[in-house]
Amino acid sequence: MPKRVLVVEDHAPTRTVLRTILESEKADPLEVLQAGNGEEALKIAEGGNVDLVLLDINLPDMDGFTVCRTLRSRGLQMPIIFVTGERELKDYKAGREAGGDSYVTKPVSRAALKSLVSLFLAVERKGPPKPGEAAE
């Protein structure tokens, strides 16, 4: 079963470019889901098995930091990579503080994006232990 990547980006042409890059991987095909705003992203991420999120910071209804914090507060542990045009150190730090795993700036290199996504999808992540389950 292919891994599922959620692309959260309000600019439709950029969403299409990111999807095309991700779907071009022949060795490990990916299923790419798309959201144009934060609310839609939260519904998709909470409603299904999402293995990784590519998240823009500037969204029309809420910023990407809020989306990231909300996903983390709801116990979702998939890797979250900010893909944004924001290049200031304060944005990078805000992304880390919100629970993001990595941060890349646009325009993103095709090879760099594919490599970063492959890296994060290869690492098995576990959420917090369930009640009554011993932590490893």
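These legends describe close-up views of a predicted model.

**View 1. The largest nonpolar core.** This core has 23 residues. Those with the most contacts inside it are Leu6, Val8, Val53, Leu55, Val67, Leu71 and Phe82. Several elements each supply at least two of its residues. The strands among them are strand 1 (3-8), strand 2 (30-35), strand 3 (52-55) and strand 4 (80-84). Helix 2 (38-47) and helix 3 (64-73) do so too. Helix 3 gives the most, with four residues. In soluble globular proteins, nonpolar side chains tend to be buried together.

**View 2. Val8 and the residues it touches.** Residues up to four places away in sequence are not counted here. Val8 touches Ala35, Asn37 and Ala41. Val8 also touches Val53, Leu54, Leu55, Asp56 and Leu59.

**View 3. Another core, apart from the largest one.** This core has 17 residues. Among them are Val5, Leu18, Val83 and Leu113.

**View 4. Helix 3, mostly covered.** Seven of the ten residues in helix 3 are buried. They are Gly64, Phe65, Val67, Cys68, Thr70, Leu71 and Arg72. What do these buried residues pack against? Their partners are helix 2, strand 3, strand 4 and helix 4 (89-98).

**View 5. The two ends of helix 3.** At the start, look at Asp63. A side-chain oxygen of Asp63 reaches to within 3.0 Å of the backbone nitrogen of Phe65. Just after the helix comes Gly75. Gly75 takes a positive phi of about 85°.

Notes
Residues numbered from 1 in each chain as written. Predicted model: local features only at pLDDT ≥ 70, side-chain atom pairs only at ≥ 80, totals over all residues. Heavy atoms only, no water. Core = buried A, V, L, I, M, F, W, Y, C linked by side-chain atoms within 4.5 Å. Buried < 20%, exposed > 50% of the residue type's maximum accessible area, 1.4 Å probe, protein only. Contact = heavy atoms within 4.5 Å. Polar contact = N/O pair within 3.5 Å; in protein donor to acceptor, adjacent residues only side chain to side chain.
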